[in-house]
Structure formats: C-alpha cells, structure tokens
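Let's read a protein model together, one feature at a time. Have the sequence and the coordinates open beside you.

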Amino acid sequence: TMEWVELTPKNIEDNNGFKLVQIGFKKNDKSLGAMKFIDSFDNKSLISFDNVKSSANFPDSLFKFTHPK
C-alpha cells in the first residue's frame with residue numbers, strides 16, 4: 001500500500017497540460033512507488049517504480065546544466 005501526495009497547479013491556465021499529479025510513497029520504507037498524472041482531457045497515466053535506489057552515485061559528467069538567461 002502507498003501514501004499519496006497530491007499536487008495541483010496554482011494557476012489552471014499555466015499547468016503544462018496537467019490537472020493533477022499524485023506521487024505515491026510505499027508505506028513500508030517510504031520509497032517512491034508510483035506517480036499518477038491526469039491531464040486536461042482527463043487522460044490518466046501511471047508510472048510505477050520498483051527497485052528504487054536512493055543515494056546512487058552518478059558522475060557529474062553525465063549531466064549538463066545550462067544556466068537560464
């Protein structure tokens with residue numbers, strides 16, 4: 001089972017197409033378990049996460065950050 005956190009846009013006009021995002025955390029270890037997305041057409045998408053590893057080490061060279069102007 002999971003505990004869910006619900007995110008809704010502050011401004012319905014500036015929502016990037018989403019009405020609602022829910023993030024589910026597993027009750028046993030509080031790790032990320034799933035994300036649900038509901039778009040402005042009421043389409044629903046579910047992404048499930050298994051075997052999530054926190055504190056994984058990735059070299060900085062894998063990422064590129066471009067500072068916004």
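The dialogue below moves from confidence to salt bridges, rings, single residues and the surface.

Q: What should I know about the model before I start?
A: It is a predicted model, in which local features need pLDDT of at least 70 and side-chain atom pairs count only at pLDDT 80 or more, while totals for chains, interfaces and linings use all residues. Residues are numbered from 1 along each chain as its sequence is written, and side-chain values use heavy atoms, leaving out hydrogens and water.

Q: What is the mean pLDDT of the protein, and which element has the lowest mean?
A: pLDDT is the predictor's confidence in each residue, from 0 to 100. Here the protein averages 90, and 99% of its residues reach 70 or more. Among the elements, strand β2 (residues 18-26) has the lowest mean at 94, and β4 has the highest at 97. Strands are DSSP runs (E, at least two residues), as helices are (H or I, at least four), numbered from the N terminus.

Q: How many salt bridges are there?
A: The rule asks for a side-chain nitrogen of Lys or Arg within 4 Å of a carboxyl oxygen of Asp or Glu. By that rule there are two. In one of them, lysine 30 meets glutamate 3 at 3.3 Å, N to O. This pair links distant parts of the chain, with lysine 30 in the loop between β2 and β3 (32-39) and glutamate 3 in strand β1 (residues 2-7), 27 residues apart. Aspartate 42 and lysine 19 also form a salt bridge, at 2.5 Å, N to O. Here the loop between β3 and β4 supplies aspartate 42 and strand β2 supplies lysine 19, 23 residues along the chain from each other.

Q: Why does glutamate 3 count as partly exposed?
A: Buried means under 20% relative accessible area and exposed over 50%, with partly exposed in between (1.4 Å probe, protein chains only). Glutamate 3 counts as partly exposed because its relative accessibility is 38%. Aspartate 42, at 43%, is partly exposed, and lysine 19 is partly exposed at 35%.

Q: How is a pair of aromatic rings described?
A: By the distance of the centres and the angle of the planes. Rings of Phe, Tyr and Trp (its six-membered ring) pair if their centres lie within 6.5 Å; planes under 30 degrees apart are stacked, over 60 edge-to-face, and the rest tilted. The whole structure holds one such pair. The rings of phenylalanine 18 and phenylalanine 37 have centres 5.5 Å apart and planes at 50 degrees, so the pair is tilted. Phenylalanine 18 belongs to strand β2 and phenylalanine 37 to strand β3, 19 residues apart. Phenylalanine 18 is partly exposed at 34%, whereas phenylalanine 37 is buried at 18%.

Q: Is alanine 34 buried or exposed, and which residues does it touch?
A: Contact means heavy atoms within 4.5 Å. Alanine 34 lies in strand β3 and is buried, with 1% relative accessibility. Not counting residues up to four places away in sequence, alanine 34 touches several residues, including Trp4, Ile23 and Leu46.

Q: And where is lysine 44 found?
A: Lysine 44 is in strand β4 and counts as exposed at 65%. With the same sequence neighbours left out, lysine 44 touches Phe37 and Ile38.

Q: Which residues make the nonpolar surface patch?
A: Patches are made of residues with over 30% relative accessible area and no salt bridge, where like charges are joined within 9 Å and nonpolar side chains (Val, Leu, Ile, Met, Phe, Trp, Tyr) within 5 Å. Accessible areas come from the Shrake-Rupley method with a 1.4 Å probe, and for residues only the protein chains shown count as cover. Phe58, Leu62 and Phe63 make a nonpolar patch of about 380 Å². Phenylalanine 63 is found in the segment after β4 (44-48) and is exposed at 58%.
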